[in-house]
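Here are some notes for someone opening this entry for the first time. They are numbered so that each can be checked against the structure separately.

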Amino acid sequence: MEAAFWTLLSFLFVAFGTGALIPEPEVKIEILHKPFICRRKTKTGDMLLVHYEGFFEKDGSLFHSTHKHNNHQPTWFTLGINEAIKGWDRGLVDMCVGEKRKLTVPPSLGYGKEGKGKIPPESTLIFNIDLVEIRNGPRSHESFQEMDLNDDWKLSREEVKLYLKKEFERHGAVVNDSHHDTLVEDIFSKEDEDTDGFISAREFVFEHDEL
Ligand SMILES: [Ca+2]
Ligand SMILES: [Ca+2]
């Protein structure tokens, strides 16, 4: 009996503590097509090339299609950094090239109470999205890992400097040492938000306004 009581109590505690009683609206993900071969899956910081159609849930009317508008060209965006709406950042993770998804995005993960352009306030949006291509973004985990020589998940000034030197050499540019130091200081002044002398993985992946 006592054990059951404590289980109930801890359940209630967890439920209140995490706000589980008032669930946050989530994006609904339906996978319409999954390719047979998947070499890699999308993750935060990747650049994604997508074709999409966007519809209003309330009447099913189309508000944008890359097939019709945008010169029939798919469009690039970076995943997970608020470049697109939150519904896309959350709904397009772990996706393969050639995969097709349907996302139902509540207003809070779309254009919210205000709306934007031809999107009226409080609109639930439906997107059909085809993933055409994935590229490592400039702020991908791959570039971070390449820079993080001692694998401690943060970048020191020395690691950033070595990476810059290597990049300059790769492009055939000769730059003197003091110029590298200036560049490194400039990068740290923008990226090291908590000024602990290191650029963390989180500080690296998220873009900053001043960039
Ligand atoms: Ca490091
Ligand atoms: Ca830092």
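1. This is a predicted model, and a good place to begin is its aromatic residues. Tyr 52, Phe 56, Phe 63, Phe 77, Trp 88 and Phe 127 are joined by ring pairs into a cluster. The structure has eight aromatic pairs. One of them is between Phe 56 and Phe 63, with ring centres 4.9 Å apart and planes at 40°, a tilted arrangement. Both Phe 56 and Phe 63 are buried.

2. Two lysines should be looked at together with the rings they cover. Lys 58 is placed over the face of Phe 56, 5.2 Å from the ring centre. Phe 56 therefore takes part in the cluster and also has a lysine over its face, while counting as buried. The second case is Lys 154, whose charged end is over the ring of Phe 198 at 4.3 Å from the centre.

3. For orientation, the chain has six helices and eight strands. In sequence order they give the pattern α-β-β-β-β-α-β-β-α-β-α-α-β-α. Of the 211 residues in the chain, 36% are buried.

4. The count of disulfides is one. Cys 38 and Cys 96 form it, with 2.2 Å between their sulfur atoms. Distant parts of the chain are linked in this way: Cys 38 is in the loop between strand S1 (28-33) and strand S2 (47-56), Cys 96 is in the loop between helix H2 (86-91) and strand S5 (100-105), and the two are 58 residues apart. The angle about the S-S bond is -95°, which makes the link left-handed.

5. Are the two cysteines buried or exposed? Cys 96 has a relative accessible area of 1% and is therefore buried. Cys 38, at 32%, is partly exposed.

6. The calcium ion (ligand 1) has as its protein donors Asp 148 (OD), Asn 150 (OD1), Asp 152 (OD), Lys 154 (O), Glu 159 (OE) and Glu 159 (OE), at 2.2 to 2.6 Å. Glu 159 appears twice in that list. Along the chain the donors of this ion are spaced as D-x1-N-x1-D-x1-K-x4-E. The angles among the six donor atoms run from 52 to 158°, and the site is irregular.

7. Asp 152, one of these donors, is in the loop between helix H3 (141-147) and strand S7 (154-155). Its relative accessible area is 31%, so Asp 152 counts as partly exposed. The Asp 152 side chain also reaches the backbone nitrogen of Lys 154, at 3.2 Å. From C-alpha to C-alpha, Asp 152 is 9.3 Å from Ser 200, although the two are 48 residues apart in sequence.

8. Where does the second calcium ion find its donors? The calcium ion (ligand 2) is coordinated at 2.3 to 2.7 Å by Asp 192 (OD), Asp 194 (OD), Asp 196 (OD), Phe 198 (O), Glu 203 (OE) and Glu 203 (OE). Their spacing along the chain is D-x1-D-x1-D-x1-F-x4-E. This site is irregular, with angles of 50 to 156° among six donor atoms. Two of the donor residues can be contrasted: Asp 196 is partly exposed at 43% relative accessible area, whereas Glu 203 is buried at 7%.

9. The contact of Lys 154 with Phe 198 deserves a second look beside the calcium sites. Lys 154 gives its O atom to the calcium ion (ligand 1), and Phe 198 gives its O atom to the calcium ion (ligand 2). The charged end of Lys 154 lies over the ring of Phe 198. Lys 154 has a relative accessibility of 30%, so it is partly exposed.

10. Two residues that are not glycines have a positive phi. His 72 has a phi of about 65° and is in the loop between strand S3 (62-65) and strand S4 (75-78). At 53% relative accessibility, above the 50% limit, His 72 counts as exposed. Glu 122 has a phi of about 55° and belongs to the loop between S5 and strand S6 (125-135). Its relative accessibility is 49%, so Glu 122 counts as partly exposed.

Key: Residues numbered from 1 in each chain as written. Chains lettered and ligands numbered in written order. Predicted model: local features only at pLDDT ≥ 70, side-chain atom pairs only at ≥ 80, totals over all residues. Heavy atoms only, no water. Disulfide = S-S within 2.5 Å. Helix = DSSP H or I, 4+ residues; strand = E, 2+ residues; numbered from the N terminus. Buried < 20%, exposed > 50% of the residue type's maximum accessible area, 1.4 Å probe, protein only. Phe/Tyr/Trp six-rings, centres within 6.5 Å; stacked < 30°, edge-to-face > 60°. Lys NZ or Arg CZ within 6 Å of the ring centre and 35° of its normal. Polar contact = N/O pair within 3.5 Å; in protein donor to acceptor, adjacent residues only side chain to side chain. Donors = N, O, S within 2.8 Å, 3.2 Å for Na, K, Ca; no water. Tetrahedral: all angles 85-135°; square planar, octahedral: opposite > 155°, others 65-115°.
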